[in-house]
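The exercises below are to be worked with the sequence and the coordinates side by side. Each task is followed by a solution that proceeds in steps.

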Amino acid sequence: MRCPYCGSLDTQVKDSRPTDDSSAIRRRRVCPDCGGRFTTFERVQLRELFVVKRSGRRVPFDRDKLERSVEVALRKRPVDPERVERMLNGIVRQLESMGDADVASETVGELVMEGLKGLDDVAYVRFASVYKNFREAKDFEEILGRLANEEPEGEALAPKKNPVQSD
């Protein structure tokens, strides 16, 4: 591993341990040349993924970019970082298990929106406003209306009977 401070290729691992959710290995490293200390994370990658943009351009999938966009949506929201990490890991696993190395950017966006909806409604709306390129207030009204009309978890999706009516 190259030292980020001096560029030396001879760095030493001082400590290794799994992350809290055991999805990666955290390694503390030190450079014998400059004495710089830094941390690296090692994750399993099942296959090389590419994101196909709307323009047709293919770019390598970047988990860090995905994480940054989710962090922007969740900024100043009371969401446990472990839940966010589990969501990100789940999205990556879903993408890797799709069987194709090329994934449409729309697929990634939809998976993120689905994950954020389960974490935080405000973050979901923030992400959706950028992802779906909201241009007017009615775009927000529409998505907020859909959120308000959804059933809370655990309730049946069957139509509710009016308690005044009898069967």
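**Exercise 1.** Which residues of the largest nonpolar core touch the most other members?

*Solution.* Bear in mind throughout that the model is a predicted one. Begin with the core itself, which holds 31 residues, and rank its members by the other members they touch: Leu-66, Val-70, Leu-95, Val-112 and Leu-116 come out with the most. Next, ask where the core draws its residues from: helices H1 (63–74), H2 (81–96), H3 (105–119), H4 (121–131) and H5 (137–149) each contribute at least two. Finally, take Val-112 as a worked case; once residues up to four places away in sequence are set aside, Val-112 touches Leu-66, Val-70, Ile-91 and Phe-127.

**Exercise 2.** Determine which residues of H2 are buried, and against which elements they pack.

*Solution.* First check the geometry of the helix: H2 has 16 residues and spans 23 Å from its first C-alpha to its last, close to the expected 22 Å. Then apply the cut-off of under 20% relative accessible area, which gives Val-84, Glu-85, Met-87, Leu-88, Asn-89, Ile-91, Val-92, Leu-95 and Glu-96 as the buried residues of H2. These buried residues pack against strand E3 (37–43), H1, strand E6 (102–104) and H3.

**Exercise 3.** Find how many aromatic pairs the chain holds, and where a charged end sits over a ring.

*Solution.* With ring centres required to lie within 6.5 Å, the count of aromatic pairs is zero. Turning to charges, the charged end of Arg-58 sits over the ring of Phe-50, at 4.2 Å from the ring centre.

Key
Residues are numbered from 1 along each chain as its sequence is written. This is a predicted model: local features need pLDDT of at least 70, side-chain atom pairs count only at pLDDT 80 or more; totals for chains, interfaces and linings use all residues. Side-chain values use heavy atoms; hydrogens and water are left out. A nonpolar core is a set of buried Ala, Val, Leu, Ile, Met, Phe, Trp, Tyr and Cys residues joined through side-chain atoms within 4.5 Å. Buried means under 20% relative accessible area, exposed over 50%, partly exposed in between (1.4 Å probe, protein chains only). Helices (H or I, at least four residues) and strands (E, at least two) are DSSP runs, numbered from the N terminus. Contact means heavy atoms within 4.5 Å. The expected span of a helix is 1.5 Å times one less than its number of residues. Rings of Phe, Tyr and Trp (its six-membered ring) pair if their centres lie within 6.5 Å; planes under 30 degrees apart count as stacked, over 60 as edge-to-face and the rest as tilted. A charge sits over a ring if NZ of Lys or CZ of Arg is within 6 Å of the ring centre and within 35 degrees of the ring normal.
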